[in-house]
Amino acid sequence: MKTGLALLCLPLLCLVVSSFASGNSAPAAEPRPNILFIFCDDLTTQAVSAYQHPLKLLFTPHMDRIAREGMRFDRCLVPNSICGPSRAVILTGKYSHANGFFRNGNRFDGAQQTFPKLLRQTGYQTAIIGKWHLESDPTGFDHWHILPGQGIYYNPPMIRDGERVQHTGYTTDLIADFSIEWLKQRDKDKPFLLMSQHKAPHREWAPALRHVGWNGDRPFPEPATLFDDYSGRGRAEREQDMTLAKTFNDRDAKLVAPPYLNDQQRREWDAYYEPHNEAMRQAKLSGQDLVRWRYQRYMHDYLGTVKAVDEAVGRLLQYLDDEGLAQNTIVVFSSDQGFYLGEHGWFDKRWIYEESLTTPLLVRWPGVAQAGSRCRDLVSILDLPETFLQAAGLPIPPDMQGHSLLPLLQGDTPADWRTSFYYHYYEFPGAHSVRRHYGVVTDRYKLFHFYEPEMNYWTLIDRERDPHELTNVYGDSAYAETRQTLHTELKRLRSELNVPAEDPPESIPPSRSPAKAKPKAKIAQE
């Protein structure tokens, strides 16, 4: 399919090359579109009102505007549900084993091919502002202004084109400020790529001061699986460390204030949180009552950080309107992965289970994507680099592993569009103790393998009959044919993607290896 997509690019590419070669004498080609990529960390579809989640947790009018004026993708999947690896996937259009970034703590090889480099080489001006989280310095950008590491929510130090700078204010607001500032100062004779990337709503979910108490203490509805006991699944699901009951700490609960607030910020912070915290202490909660309190605090804080992101989205869209740029700018809004909002009693991500695997994807492309349209095909953040390159009239490198979304945006699903997707999570031993696993995902089923020697079992989930993914039916004889079909498909995908039979050493967190590392995980053949 990539060959066909690349051929679709050739007419536009020829116009672009011709205009470069002939100076101003040739008739002007249709201007190449600008690309505004707005990216979040740990934003989940449950928190974007355009996705119409039944709990109706939050209204996000500006994110919804992108969906209303463009396309909503209902099943956008991530190849490896963890922050740094997803960012490497988007830059390269390659799975973790192909781009070398398996887990948080790896160092991204900036010498490799990335889509910003390819755009820049053909006349785009490029910038990345906000969260980077890839250890090495950005390459392929005319300007970069990034948070070091995970970043913090207030008064962040940042790195601007290699120089460390200190800022005062709320980080989400500052990222929007700096994004608009760059747009104002850019070379207006060139198309642009701007990657405006937020820290929010990453843990520990510190809302802007204007949003503390935003819900007026209205209780949030609870997910059906808040008190999941993990029966029907295996050891990996039971032995994780990401529950509201056991893992949610005082900093998460705001029983301890963030250390980076200045004096004025701390006074405003305490004015809201301390009375609520004291009431909680006096109640002496335990068991399910304590979990319920933590869930309410979690929702107030997580969703409060999303409100600031939504406002930042609105500011960027308004700038495009005010400057007459909206018609020729592709706006893509997404996140590095999904997140648990109390489902299965969890927060965080990492799993092949749905809340973690899927991420929001909203695209507005005037003249291409029909306003208010929806796509139910299996797509991925892996497909974004290919889409951006084709939009710019550039060929898609054959070593990229995704597919351009252009035909889907035009309302036409190619006959050979994917019907299955490969997933692989590596970061164990590591935070939250989610075991290494890989698998295949289809519209209905998931087959996946926890493959470490001491945690070696298969899981088969039937999402049609089990939408909350509570029961492993791998051993059910009624699924024998489905099981074999999925094993065959998983083997095909691993071969097609050149997944190595053994996980490489760089996939193991260095603090846990080699002395404390388990035997090297060899991936069993299906």
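## Exercises on a predicted model

With 526 residues, a compact globule would have a radius of gyration near 24 Å, and the protein chain has 23 Å, which agrees. The model is predicted.

**Exercise 1.** State what share of the residues of the protein chain counts as buried, and how far the contacts reach along the sequence.

*Solution.* Step 1: a residue is buried if its relative accessible area is under 20%. By this cut-off, 62% of the 526 residues are buried. Step 2: take the contacts with a separation of 6 or more; residues 24 or more positions apart account for 69% of them. Step 3: for the outside, the protein chain exposes about 20400 Å², and carbon and sulfur atoms supply 50% of that area.

**Exercise 2.** Decide whether the residues of strand β1 (residues 34-40) are buried or exposed, and treat each face in turn.

*Solution.* Step 1: in a regular strand, side chains alternate between the two faces of the sheet. Step 2: on one side of β1 stand Asn34, Leu36, Ile38 and Cys40, and these are buried. Step 3: Ile35, Phe37 and Phe39 on the other side are buried too. Step 4: the count for β1 is therefore seven buried residues of seven, with buried meaning under 20% relative accessible area.

**Exercise 3.** Find which strands pair with β1, and in which sense.

*Solution.* Step 1: strand β9 (residues 329-335) pairs with β1 in the parallel sense over seven bridges. In this pairing, Leu36 stands opposite Val331. Step 2: strand β8 (residues 192-197) also pairs with β1 in the parallel sense, over five bridges. Here Ile38 stands opposite Ser196.

Note on methods: Residues numbered from 1 in each chain as written. Predicted model: local features only at pLDDT ≥ 70, side-chain atom pairs only at ≥ 80, totals over all residues. Heavy atoms only, no water. Buried < 20%, exposed > 50% of the residue type's maximum accessible area, 1.4 Å probe, protein only. Helix = DSSP H or I, 4+ residues; strand = E, 2+ residues; numbered from the N terminus. Pairing = 2+ DSSP bridges. Rg over C-alpha atoms; globule rule 2.2 N^0.38 Å. Contact = heavy atoms within 4.5 Å. Areas by Shrake-Rupley, 256 points an atom, 1.4 Å probe, with all protein chains shown as cover.
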